[in-house]
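Trainee: Could we go through this structure together, one question at a time?
Mentor: Gladly! Let's have it in front of us and begin with how some of its parts pack.

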Amino acid sequence: MGMRSRTDHWSFLLGEIALYSLAVLFVTGAGLMVFYDPDMTLVTYDGVYAPLRDVPVSQAFASTMEISLEVRGGLLIRQVHHWATLVFIAAVCLHLLRLFFTGAFRRPRGLNWLIWVGLLLTGMAAGVTGGILPDDLLSGGSLGLIQGITQSIPFVGTWLTGLLFGDAVPGDQVIPLFYWLHVLALPLVMAGLFAARRWLLRRHGATHYPGAVRVSRLGSLMLFAATAGVLTVLGAVVQINPIWLYGPNRPGTISAGAVPDWYMGFLDGAIRIMPGWEPVIAGHPLTLSVLIPALVVPGAFFTLLAAYPLIERKLTGDRGLHHTLERPRDAAVRTAIGAAGITFYGLLWAAAANDQLAHHFHLSLFAVTWFFRVAVVIGPIVAFELTRRICLALRWQEAETKSHGVETGVIVRAPGGGYAEVVRDFDRRLPSGT
Ligand code: HEM
């Protein structure tokens, strides 16, 4: 069977990489817990970093500074923890894309799809709560954003803000609260999701690409070592979140030039391009400028993502069980929907750099912002139609070659004197005459 019996495809590795990055997060997180102190009480900084000496900082900030600059190997562990976060969420996203574009979410694997969407959401929540913990200026920016988003919710916003922050913002309770979410609640949910995924995989078996006969287990130990190795090298040589450069969180101050982690860029972009609508309804302001980009749009996006298997089943009426994966071109509409989704997300993400784009390309910030406002609406439609047509064209071309064979450029002369070109059989890719 040669190449066609190959059962392992590189895209099957993405889910494993996510699992191993999470293992690295748990191990490094446990190390950080030993020295980190989730306490917002102000103390006078008296560590080794001279520029901040005698500055009032929270105990949380002081302990993260100590981890970074005084605990032996502490900075490495912190940086590996942060790099593992970026890789974990990227691997989950790519794995979701693989499941989507190959139709791997079809029955009986709808629950598996939900598990991965759940891992994406809990991973983002863990990343955000973790990013708050050091209580530096960047954490302060995120806290300000969380406060703004919470307050924009009609009716319950003010009450929710009080629940999260207490009497004052930032107050002294939000970091302890996020700490327990971060080190206990979210890790438990994530571990539970991976356990459920394992159980489902055992129950239903793995999917396979068309033409592959059997799926074998991948070299797990090797891949774990490779993931952990790459994360350690990244943590060792590529600086990430240097909180001593940002300084401690000071309410009313915002960091410049520091950007959120990549997975939160779409939210940043959405907020940047939203017009400043704030209608007053029955005497109450409705902050649509925050509510729509920060809650309504992401809420709708992730709901549609989670519900997609159900939606597709309803629309196509296909309730059959599928263990063989589909090629993206064979499901043109689904692939087109995926391309539209990626375009939408990607444009929101790029919009988070509207200031950088304006600055580097010498454009007005206003023009760049308007470009994105139009592009997030038009872009997905264009991507949908373009992708659908490419899929159809690829299939048409394939059908064409299948019925006529593949031209070889070899001309033979028949005994009767005529000339003919040798064509290869499409499937076997061997000259049909041999
Ligand atoms: C058992 C699991 C975990 C434990 C015990 C843990 C523990 C901690 C602790 C103590 C900190 C504060 C110290 C610091 O900021 O350096 C922290 C920060 C952080 N955690 Fe975790 N964590 C866990 C899982 C996760 C997961 C699953 C994610 C993301 C998917 C994550 C992302 C982060 C991030 C982004 C930070 C900020 C790191 C920085 O300072 O640059 N953690 N974690």
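Trainee: At roughly what angle do the axes of helix 4 and helix 11 cross?
Mentor: Keep in mind that this is a predicted model. Helix 11 covers residues 288-316, and its axis and that of helix 4 come within 8 Å. The angle at which they cross is roughly 160 degrees.

Trainee: Are helix 4 and helix 11 roughly parallel or antiparallel to each other?
Mentor: An angle over 145 degrees counts as roughly antiparallel. Their axes cross at roughly 160 degrees. Helix 4 and helix 11 are therefore roughly antiparallel.

Trainee: Is the crossing of helix 4 and helix 11 left-handed or right-handed, and how many charged residues has the contact?
Mentor: The crossing is right-handed. Helix 4 brings G110, W113, L114, V117 and L121 to the contact, and helix 11 brings F302, L305, A306 and P309. By class, these are eight nonpolar and one polar, and the number of charged residues is zero: there are no charged ones.

Trainee: How do helix 3 and helix 4 run, roughly parallel or antiparallel?
Mentor: Helix 3 spans residues 74-101 and helix 4 spans residues 110-132. Their axes come within 10 Å and cross at roughly 160 degrees. That makes helix 3, relative to helix 4, roughly antiparallel.

Trainee: Is the crossing of helix 3 and helix 4 left-handed or right-handed?
Mentor: Residues including F88, V92 and L96 in helix 3 meet residues including W116, L120 and G127 in helix 4. The residues of this contact divide into twelve nonpolar, five polar and no charged. As for the hand, helix 3 passes helix 4 in a crossing that is left-handed.

Trainee: Which helix supplies the largest share of the shell around the ligand?
Mentor: The ligand is surrounded by 26 residues, with G29, L32, A126, G130 and N241 the closest. By class, the shell has 14 nonpolar, eleven polar and one charged. Helices 1, 2, 3, 4 and 7 each supply at least two of its residues. The largest share, six residues, comes from helix 1.

Trainee: Which helix gives the largest share of the side of domain 1 that touches domain 2?
Mentor: The chain is divided into domain 1 (8-323) and domain 2 (327-404). Their contact takes twelve residues from domain 1 and 16 from domain 2. On the domain 1 side, helix 3 and helix 10 (265-273) each supply at least two residues. The largest share there, seven residues, comes from helix 10.

Definitions and conventions: Residues numbered from 1 in each chain as written. Predicted model: local features only at pLDDT ≥ 70, side-chain atom pairs only at ≥ 80, totals over all residues. Axes fitted to C-alpha atoms, helices over the stretch in contact; angles between N-to-C directions. Helix = DSSP H or I, 4+ residues; strand = E, 2+ residues; numbered from the N terminus. Parallel < 35°, antiparallel > 145°, perpendicular 65-115°, else oblique. Left-handed = near helix turned anticlockwise from the far one by under 90°. Contact = placed C-beta atoms within 7 Å. Nonpolar A, V, L, I, M, F, W, Y, C, P; charged D, E, K, R; others polar. Near = placed C-beta within 6 Å. Domains from an automatic or database assignment.
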